[in-house]
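Please look through the chain below before reading these notes. They are written for someone new to reading structures.

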Amino acid sequence: MDKNKVSFNELVSNLITEATRLGFSGSYIWRTLVIGCGAVRKYYKAHGVVYYNIETTLASLAESEERYVKGELSHNGIIITRNAVRRMNEFFLTGTLQADSTRVTTNYLLRGENERLVEEFIQARGYSGKAGKDAAWVTRKYLYYFEQNGHSSLRTVTIDHVRDFIMDTAAKVKTSTLHDIYLYLHAFHLFLAENGIPAPDCADLFSYTIHREMPIQGCVADDELKKVLSVIDVTTESGARNYAIILLSSTTGLRACDIIRMKLTDINWRNATIQLKQNKTDLTVTVPLLAEPAEAVKRYILKYRPKDTGCPELFLRCSAPKTQISDAVTIGTMFKKYQDLAGVERNPYDGKGFHGLRRRLAKKLLTTGTAAPTIAQILGHADVGSTRQYLVLDNRNLKECALSFDLIPVGREQLKDE
């Protein structure tokens, strides 16, 4: 698609065709794409703009936002318009659509040039899932800060302005959040330099390491996992899929982001292993496929997995479009639903979410005497030091560290007050 020559009407027509091909519901296509795009079309016509461009589309959204604030547009109306704008820009930049029901509208609405810069950065770096959302949030927050301070682009921003942003932001966010901000802005400025985009040279400024806190979190207990598995109806497509996903995570330690990207070809049935490249570390890991999860995966593939979708991923969406699961958050939400159904008690930050299955496996490996380097290899850690966070879960062996004072020679006179 020639982005410089596609008319607004042509883009919307192609967008609806693509949404229909992917299996989006008729109500979504009508309410979001037909009605929502129709509202933006009026803005294009009123301003005499024929060819589609992101800046005009965002200007249309800004006008709708103002009408919403004044009470001239309903809440439902502004939601439809926001979604339509997001979908048009997504299709304009990528030529397709992703199923992302958990995505939320950003609070940082940018000018067309900056919005396009964010999208190009995300695509160039290949961010997806949670990393894509985090990177987009950071860069939008960054550019929005400068827009609010009179800089329509990074051309007029200096290193001193960037330092002001750091000081302002550091006072408002947690250390872990500041770590992510440095991480993605370092990558963002490298992207700007690589593409010759005018901006202050701040790659070194954001290369400073911000150490995250390492909180002590629990894990999913054996009886809790048993309860969760017992409430899943494996005679349905969603139940068979989710049962296999939970069993895989609890026996292999694979993260949700890796499970949703797992390909059918990643499984070696003859050797009973799974080999894939981790999304977080970019390391290739090989994990055993035990008998019980293997049977669950087979049942899902042979009886419930949609046929002829053309998708190489093992686990697919249960509702249209029948494509890959787009977000790891979906897996966590699914697991929480079964926990509630099973009566498994949850508390904020108790470590018993879906990732708690990974910690459960690490604890089992520790208590059976598995060496830390082996655990790091199984879990796919780039650094064996990352395994330290799981040591606190091994209560039985930690008790051996509490030594008696009997073996320490201390005279009575040394115990007296001076």
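The numbered points go from the whole chain to its sheet and then to two cysteines.

1. Keep in mind that this is a predicted model. The chain contains 17 helices and three strands. The strands are taken up in points 4 to 7.

2. The chain has 418 residues, and 43% of them count as buried. The area it exposes is about 22,900 Å². Carbon and sulfur atoms supply 53% of that exposed area.

3. Take the contacts in the chain with a separation of 6 or more: 63% of them are between residues 24 or more positions apart.

4. In which order do the strands lie in the sheet? The order is β1-β2-β3, the sheet is open, and the pairing is antiparallel. β1 and β3 each have a single partner strand and stand at the edges, so one side of each has no neighbour in the sheet. As background, strands of a sheet pair through backbone hydrogen bonds, either parallel or antiparallel.

5. Strand β1 covers residues 267-268 and is joined to β2 by two bridges, with the two strands running antiparallel. Ile267 stands opposite Ile274 in β2. These two strands form a hairpin with four residues between them, and Ala272 there takes a positive phi near 60 degrees.

6. Strand β3, residues 284-288, pairs with β2 over five bridges, again in the antiparallel sense. One of the partnerships is that of Thr273 with Pro288 in β3. β2 and β3 also form a hairpin, with six residues between the strands. In its turn, Asp282 has a positive phi of about 65 degrees.

7. Which residues of β2 are on its covered face, and which on its uncovered one? Strand β2 spans residues 273-277; Ile274 and Leu276 make up the covered face, while Thr273, Gln275 and Lys277 make up the uncovered one. In a regular strand the side chains alternate between the two faces of the sheet. Ile274, on the covered face, is also the residue opposite Ile267. Thr273, on the uncovered face, is the bridge partner of Pro288.

8. How many disulfides does the whole structure have? A search finds zero.

9. Are Cys202 and Cys219 buried or exposed? Cys202 has a relative accessibility of 1%, so it counts as buried. Cys219 has a relative accessible area of 11% and is buried because the cut-off is under 20%.

Technical notes. Residues are numbered from 1 along each chain as its sequence is written. This is a predicted model: local features need pLDDT of at least 70, side-chain atom pairs count only at pLDDT 80 or more; totals for chains, interfaces and linings use all residues. Side-chain values use heavy atoms; hydrogens and water are left out. Buried means under 20% relative accessible area, exposed over 50%, partly exposed in between (1.4 Å probe, protein chains only). Contact means heavy atoms within 4.5 Å. Accessible areas come from the Shrake-Rupley method with a 1.4 Å probe; for residues, only the protein chains shown count as cover. A disulfide is a pair of cysteine sulfur atoms within 2.5 Å. Two strands pair if DSSP finds at least two bridges between them.
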